[in-house]
Amino acid sequence: MFLTRIGYGIIYFIVLIYEIIKSTIDVAFNGIMRRNIDPIVVDIETVLERPVSQTILANSISLTPGTLSVDLDSDNNIIKVAAISPRKKEDIIPFEPYIKKMLE
């Protein structure tokens, strides 16, 4: 069980680095060069129950370029996210399943 959680922690870290690089390229080309900026604030409902898991998810969202966690409502499992352009929930929080398997 412990080794499984460590494995998911390593996978989460790799996915986070990949998403940071992917978002950096996306913001550089679509946001800056093409000036395709349409800011939006969305409420993302998360399946994570523990406050520490939700905090790690909110910080991961803020680490990826083009998104920023504005508010975290731990009681209702909702994270308010500001994005540089409209995106699907899966594009904003692709690392949620790894955090769930790692910490919950």
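Reader: Hi! Is arginine 87 buried, partly exposed or exposed?
Author: Arginine 87 is partly exposed, with a relative accessible area of 22%. Buried means under 20% relative accessible area, exposed over 50%, and partly exposed in between, using a 1.4 Å probe and protein chains only.

Reader: Thanks! What should I know about the model itself?
Author: This is a predicted model, where local features need pLDDT of at least 70 and side-chain atom pairs count only at pLDDT 80 or more, while totals for chains, interfaces and linings use all residues. Residues are numbered from 1 along each chain as its sequence is written, and side-chain values use heavy atoms, with hydrogens and water left out.

Reader: Which residue forms a salt bridge with arginine 87?
Author: That's aspartate 26, with the closest N and O atoms 3.7 Å apart. A salt bridge here is a side-chain nitrogen of Lys or Arg within 4 Å of a carboxyl oxygen of Asp or Glu. Aspartate 26 lies in helix α1 and arginine 87 in the loop between β3 (78-83) and α3 (89-92), so the pair ties together parts 61 residues apart in sequence. Helices (H or I, at least four residues) and strands (E, at least two) are DSSP runs, numbered from the N terminus.

Reader: Cool. How many salt bridges does the structure hold?
Author: There are 3. Among them, lysine 80 pairs with aspartate 43, the closest N and O atoms being 3.6 Å apart. Lysine 80 sits in strand β3 and aspartate 43 in strand β1 (residues 40-45), 37 residues apart.

Reader: And is aspartate 43 buried or exposed?
Author: Aspartate 43 counts as exposed, at 51% relative accessibility.
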